[in-house]
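Q: Hey, could you walk me through this one? I'm new to it.
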Amino acid sequence: MAEKLIIATTMAEAASLKNSDSAFLAGGTEINRLGSSVAAATLVSIGRIEDLDGISIIEDQTPACSQSGCSKEGKILRIGAMCTFQDVVESDLVPAYLKEACRFMASRTKRNMATIGGNVALKRDDSYLYPTLLAAGAKLQMLDRDGNTVYKCAKRYLESGDLYRDNLIVAILLPLDAGVVCSKRIANTAQSHAALTVSVGCKDGKVRLGAAIKNTALVYMAELSEKLSSCDMDDKEILDAVCANKSLVFENDIFGSPEYKRYLLSVIISDLAKQAKGGKR
């Protein structure tokens, strides 16, 4: 339980205060909920830092990340980490595919509170947003404790474990032309935790595939992305590839059996890949 609250007024101040015993307080939808995954003695509130807000188109100053398929663009869309899900839904600058991902959060009240940066930082296996960011080739702008600006693509941030956990996420950076990005969310109800959220993006034949699988993983499916980029795969081939992925351990729980989850994941990937590669949403 948090015992101390510090209200930061600048990004540098907030970043310098973050350590293993503290947590950033943004919209508060995770920290303040019953059974929260966040435990910290000190909360660093970042809600009053204006530089973390706003949605705009800016020149791309980020380094290219060719190994992850994220290229350097002329201009990119910058979404401040303190922007709420509802801010994204209402913005004229945000592409439809990202608005769709934000609407996966069905509660308007929650969308008015939950922030984009907070959802990314949590890296939950039922994330509303992260699979779409992976499929779109998004990058993150961060600030470390020494005040240095750090850029990482969403894929590398996800795969880095706790390496950047104490960095302050400043903004999410999206290419203006991410190609076609398609997403699907499977849940018992609109308000339930998602059993499965999948996004597939395709630009110039390059396929990106991100998935949030409850009780299994939040993952960028690199090998299957490469196969889908190089050739068309039928439903059985995709199912075989999902079954062969030993890094995905499916549990038998309220969301279904491991066999059912693999089948459902493969069917959704197949449908979304056809849409994305065919240029349709």
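A: Sure, one term to start: buried means under 20% relative accessible area, exposed means over 50%, and partly exposed is in between, using a 1.4 Å probe and protein chains only. By that rule glutamate 226 is exposed, because its relative accessible area is 51%.

Q: Is this an experimental or a predicted model, and what goes into the values?
A: This is a predicted model, where local features need pLDDT of at least 70, side-chain atom pairs count only at pLDDT 80 or more, and totals for chains, interfaces and linings use all residues. Residues are numbered from 1 along each chain as its sequence is written, and side-chain values use heavy atoms, with hydrogens and water left out.

Q: Back to glutamate 226, then. Where is that residue placed?
A: Glutamate 226 is in helix α8. Helices here are DSSP runs of H or I with at least four residues, strands are runs of E with at least two, and both are numbered from the N terminus. The C-alpha of glutamate 226 is 9.3 Å from that of leucine 209, and these two are 17 residues apart along the chain.

Q: How do the axes of α8 and α9 cross?
A: Helix α8 covers residues 222-230 and helix α9 covers residues 235-244; their axes come within 10 Å and cross at roughly 160 degrees. That makes α8 roughly antiparallel to α9. The cut-offs are under 35 degrees for roughly parallel, over 145 for roughly antiparallel, 65 to 115 for roughly perpendicular, and oblique for the rest. The axes are lines fitted to C-alpha atoms, for helices over the stretch in contact, and angles run from 0 to 180 degrees between N-to-C directions.

Q: Which residues of α8 and α9 make the contact?
A: From α8 there are Leu224, Lys227 and Leu228, and from α9 there are Ile238, Ala241 and Val242. Contact means heavy atoms within 4.5 Å. The residues in this contact of α8 with α9 split into five nonpolar, no polar and one charged. For that sorting, Ala, Val, Leu, Ile, Met, Phe, Trp, Tyr, Cys and Pro count as nonpolar, Asp, Glu, Lys and Arg as charged, and the others, Gly among them, as polar.

Q: And what about α9 and α10, at what angle do they pack?
A: At about 130 degrees, with the axes of α9 and helix α10 (residues 258-277) 9 Å apart. The two helices are therefore oblique to each other. On the α9 side, the contact uses Asp235, Ile238, Leu239, Val242 and Cys243, while α10 brings Arg262, Tyr263, Leu265, Ser266, Ile269, Ser270 and Lys274. The residues of that contact of α9 with α10 divide into seven nonpolar, two polar and three charged.

Q: New topic: the loop between α5 and α6. Is arginine 124 buried or exposed?
A: Arginine 124 is buried, because its relative accessible area is 18%. This arginine is in the loop between α5 (116-122) and α6 (130-136). Its side chain makes a polar contact with the side chain of aspartate 126 at 2.8 Å. A polar contact is a pair of N or O atoms within 3.5 Å; within protein, one must be able to donate a hydrogen and the other to accept it, and residues adjacent in sequence count only if both atoms are side-chain atoms. Beyond its neighbours within four places in sequence, arginine 124 touches Glu30, Arg33, His193, Lys214 and Leu218.

Q: Anything else in that loop?
A: Serine 127 is there too, and it counts as buried because its relative accessibility is 1%. The serine 127 side chain reaches the backbone nitrogen of leucine 129 at 3.2 Å. Leaving out neighbours within four places, serine 127 is in contact with Asn119, Thr197 and Ala212. Lysine 123 also lies in this loop, and it has a positive phi of about 50 degrees although it isn't a glycine.

Q: Why bring up phi?
A: Because most residues other than glycine have a negative phi. Aspartate 204, in the loop between β10 (196-203) and β11 (206-213), has a positive phi as well, near 55 degrees. Aspartate 204 is exposed, because its relative accessible area is 76%.

Q: Last one: where does methionine 142 lie?
A: Methionine 142 lies in strand β6, residues 139-143. This methionine is buried, with a relative accessible area of 1%. Among its contacts outside four places in sequence are Asn148, Tyr157, Tyr164 and Val170.
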